[in-house]
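Reader: I would like to learn how to read the sheets in a protein model. Please show me.

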Amino acid sequence: MAGQHRCDIMKHNHELSHRAVPATTEHRAAVSDLEQLPFFDLGLIPEICERVTKIGYATPTPIQREAIPLILEGHDVIGIAQTGTGKTAAFMLPLIDSLLCSPPAKRKDEPRVLVLTPTRELATQIHEATVSFAQRTGLRAVVVFGGVAQRPQEREIAKGCDILIATPGRLNDLIGQRVVSIDSVEFLVLDEADRMLDMGFLPQIKRITAHLPRDRQTLMFSATLSHDIEELARRLTNDPALIEVGGRRKPAEGITQKIYSVMRLKKPELLLKLLTELSQGEVISDGEAVPMRTLVFTRTKHDADRVAHVLSHAGMNVTKLHSDLTQSERTRALASFKAGKFDTLVATDVASRGLDIEDITHVINYEPPMSPDDYVHRVGRTARAEKTGVAITLVSPEEEPLMRDIEKRVGAEIERTIVEGYAPPPPIEMSQAERRRLKGWSRR
Ligand code: AMP
């Protein structure tokens, strides 16, 4: 569909760049200028290529190289990509291109692109990237999510909304109240589709997609390709192209993974020791000394509170992020961590998916997460955009089976380090008779 709309300027560019013998010297200069632009060979119009150059993207990432031409040709796409692979630009650049190369919407408050994403943080991040990509194009992007007042979002939509980025709950409310109509949507993006299913958004997604025109282009992105994702893809897409970038369920190459074996009660102390050492040492990333910026993951909100309390009590420069905080507290914590006011953020998995916080040098798992996928998402917060990073997991003896499951799925055996004074107690050696006796006791 978008392929049919490819505009004249596009054809012109390709004629310029692909003609064997350009007619004049100026012509030749124009061709070679265009060919110098990164992303131009993917079929994007020069305005967009120039914009990404200004942003600082020198070459497309693998998912961008594969997805952009397919999206420009109008195909539905299912993208299986690890976190931090550049997938926002992979879908948003060709969609902006398609909007610019086709007639504008009849009503300025009816979006032509709809992006559904699971969390408010992710929605904000996609919105920020979109605003930056679409600068000076005249296109307006609006973000809506729950947990904050609705009126300002309504006003933003009324001002004009070509691209709507939304979490499913708030969007359904707005559709129900007729604040927004999605009748004119030509392009649907489901970002982090696996996460949306995990969070129980399937009924909401079904309700939203029931309102969408059938004649649309659909792009679905997911970190994993499960049976449920395939089912959703069958329902929403039409003859999709499948793109898979990097091995599934494996952390990025630039991540050094480490495990510290430690007794459970000693974890807060060991964490403090590691963070103190990290903040005193020089962190080297790609040959350069950079300030430490660490993300500590805990499984529960309670643990996040407790760990953040212990660390700040000991004088560490730490903030926290979890879903019990108000939206403004979450936004503030994230913004000040991003701005470098804090060097450590303690967070639950609400922060593990898709969040793009630049230059995280270390991820520390306070305990192994329950699923290997969560592990990949968590450690994927470091070493983004092909940088390097370190992922440390604190593992107590009772958590070893979980960790071994993770290692099996990521296909790597990770070396265990034991720090003197923190070693877990050795397993208790029991004779057969003692074991039998113990079983007998527990029955009584
Ligand atoms: P994403 O996977 O979309 O969250 O992107 C991860 C990070 O990579 C973001 O900071 C992007 O700005 C950055 N990025 C995306 N594409 C490129 C590119 N082609 N070159 C350099 N950085 C990029």
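Reader: Which residue in strand 14 stands opposite valine 296?

Author: Strands of a sheet pair through backbone hydrogen bonds, either parallel or antiparallel. Here, isoleucine 364 in strand 14 stands opposite valine 296. Strand 11 (residues 294-297) and strand 14 (residues 362-365) pair in the parallel sense over four bridges. Strands (E, at least two residues) and helices (H or I, at least four) are DSSP runs, numbered from the N terminus. Two strands pair if DSSP finds at least two bridges between them.

Reader: What should I know about the model and its numbering?

Author: The model is predicted: local features need pLDDT of at least 70, side-chain atom pairs count only at pLDDT 80 or more, and totals for chains, interfaces and linings use all residues. Residues are numbered from 1 along each chain as its sequence is written.

Reader: In what order do the strands of the sheet with strand 11 and strand 14 run?

Author: The order is 12-13-11-14-15-8-16, an open sheet of seven strands with parallel pairing. Strand 12 (318-321) and strand 16 (416-417) are the edge strands, and each pairs on one side only.

Reader: Where is histidine 309 found, and is histidine 309 buried or exposed?

Author: A residue is buried if 20 or more other C-beta atoms lie within 10 Å of its own, exposed if 12 or fewer, and partly exposed in between, with C-beta atoms placed from the backbone. Histidine 309 is in helix 13 (residues 301-313). Histidine 309 is partly exposed because 14 other C-beta atoms lie within 10 Å. From C-alpha to C-alpha, histidine 309 is 9.1 Å from threonine 319, and the two are 10 residues apart in sequence.
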